[in-house]
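Work through the exercises below with the sequence and the 3D view open. Each task is followed by its solution in steps.

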Amino acid sequence: MRLSELLDREVVRADGRSLGKVRDVRLVQDGPILAGGTQAALRVDAVIVSRGWRGVRLGYLRGQVRGPWLLRVTFGRLERGAHAISLRDLVWDEGPHLRLRSDEPDGHAGP
């Protein structure tokens, strides 16, 4: 699956209730060593799911954006329901949704 197909897909709980849409992904660099190089390949570790998108896509949930303070506080409040969900916890159906294996996401998207 391409990243463009993953972004904006709705994520639902096992019981069918919506958690929001995939707004971002978390990458880790632990894949196989790239040909002729010394760096490992990137892989998608988790998806960031939120009902909103502005704070997530602007990086305000990563905890590294320091200012302006008004935007940081505003986006922090708007996006406090964001979750980082491991790919292991998702079922990839053929339909338009990604489904959680259980009813509880594994955590919040904060740092």
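**Exercise 1. Find the place of D8 and describe its backbone.**

Step 1. D8 lies in the loop between α1 (3-6) and β1. Helices (H or I, at least four residues) and strands (E, at least two) are DSSP runs, numbered from the N terminus.

Step 2. Look at the backbone angle. D8 is not a glycine, yet its phi is positive, about 70 degrees. Most residues other than glycine have a negative phi.

Step 3. Check the cover. D8 has a relative accessible area of 38%, so it is partly exposed. Buried means under 20% relative accessible area, exposed over 50%, and partly exposed in between (1.4 Å probe, protein chains only).

**Before going on: ground rules.**

This is a predicted model, in which local features need pLDDT of at least 70 and side-chain atom pairs count only at pLDDT 80 or more, while totals for chains, interfaces and linings use all residues. Residues are numbered from 1 along each chain as its sequence is written, and side-chain values use heavy atoms, with hydrogens and water left out.

**Exercise 2. State how confident the predictor is, overall and by element.**

Step 1. pLDDT is the predictor's confidence in each residue, from 0 to 100. The protein chain averages 76. A score of at least 70 is reached by 66% of the residues.

Step 2. Now compare elements. Strand β1 (residues 10-12) has the highest mean pLDDT, 93. Helix α2 (residues 54-57) has the lowest, 55.

**Exercise 3. Write down the order of helices and strands.**

Step 1. Count them. The protein chain has three helices and six strands.

Step 2. Read from the N terminus. The order is α-β-β-β-α-α-β-β-β.

Step 3. Take one pairing. β3 and β4 pair in the antiparallel sense, over four bridges. Two strands pair if DSSP finds at least two bridges between them. I48 has A84 in β4 as its bridge partner.

Step 4. Inspect strand β4 (residues 83-86). H83 and I85 are buried on one side, and A84 and S86 are buried on the other. Both faces of β4 are thus covered.

**Exercise 4. Which residues make up the largest nonpolar core?**

Step 1. Apply the rule. A nonpolar core is a set of buried Ala, Val, Leu, Ile, Met, Phe, Trp, Tyr and Cys residues joined through side-chain atoms within 4.5 Å.

Step 2. List the members. The largest core has 11 residues: L6, V11, L19, V22, V25, V47, V49, I85, L90, L98 and L100. Elements that give two or more residues to this core are β2, β3 and β6 (97-100). β2 gives the most, with three residues.

Step 3. Set this against the general trend. In soluble globular proteins, nonpolar side chains tend to be buried together.

Step 4. Zoom in on V11. Beyond four places in sequence, V11 touches R17, S18, L19, G20, V22, V49, I85, L90, L98 and L100. Contact means heavy atoms within 4.5 Å.

Step 5. Step back to the whole chain. Buried residues are 33% of the 111 residues. Of the contacts with a separation of 6 or more, 52% join residues 24 or more positions apart.

**Exercise 5. Trace the salt bridges around D45.**

Step 1. A salt bridge is a side-chain nitrogen of Lys or Arg within 4 Å of a carboxyl oxygen of Asp or Glu. The count by this rule is five.

Step 2. Start with R26 and D45. Their closest N and O atoms are 3.0 Å apart. R26 sits in strand β2 (residues 18-28) and D45 in strand β3 (residues 43-50), 19 residues apart.

Step 3. Add R43. R43 also forms a salt bridge with D45, at 3.7 Å between the closest N and O atoms. A network of salt bridges links R26, D30, R43 and D45.

Step 4. Compare cover. D45 is buried because its relative accessible area is 15%. R26, at 37%, is partly exposed. R43 is partly exposed too, at 36%.

**Exercise 6. What does L27 contact beyond its neighbours in sequence?**

Step 1. L27 is in strand β2. With a relative accessible area of 46%, L27 is partly exposed.

Step 2. Leaving aside neighbours within four places, L27 is in contact with L42, R43, V44 and D45.

Step 3. Check one distance. The C-alpha atoms of L27 and V44 are 4.6 Å apart, and the two residues are 17 residues apart along the chain.
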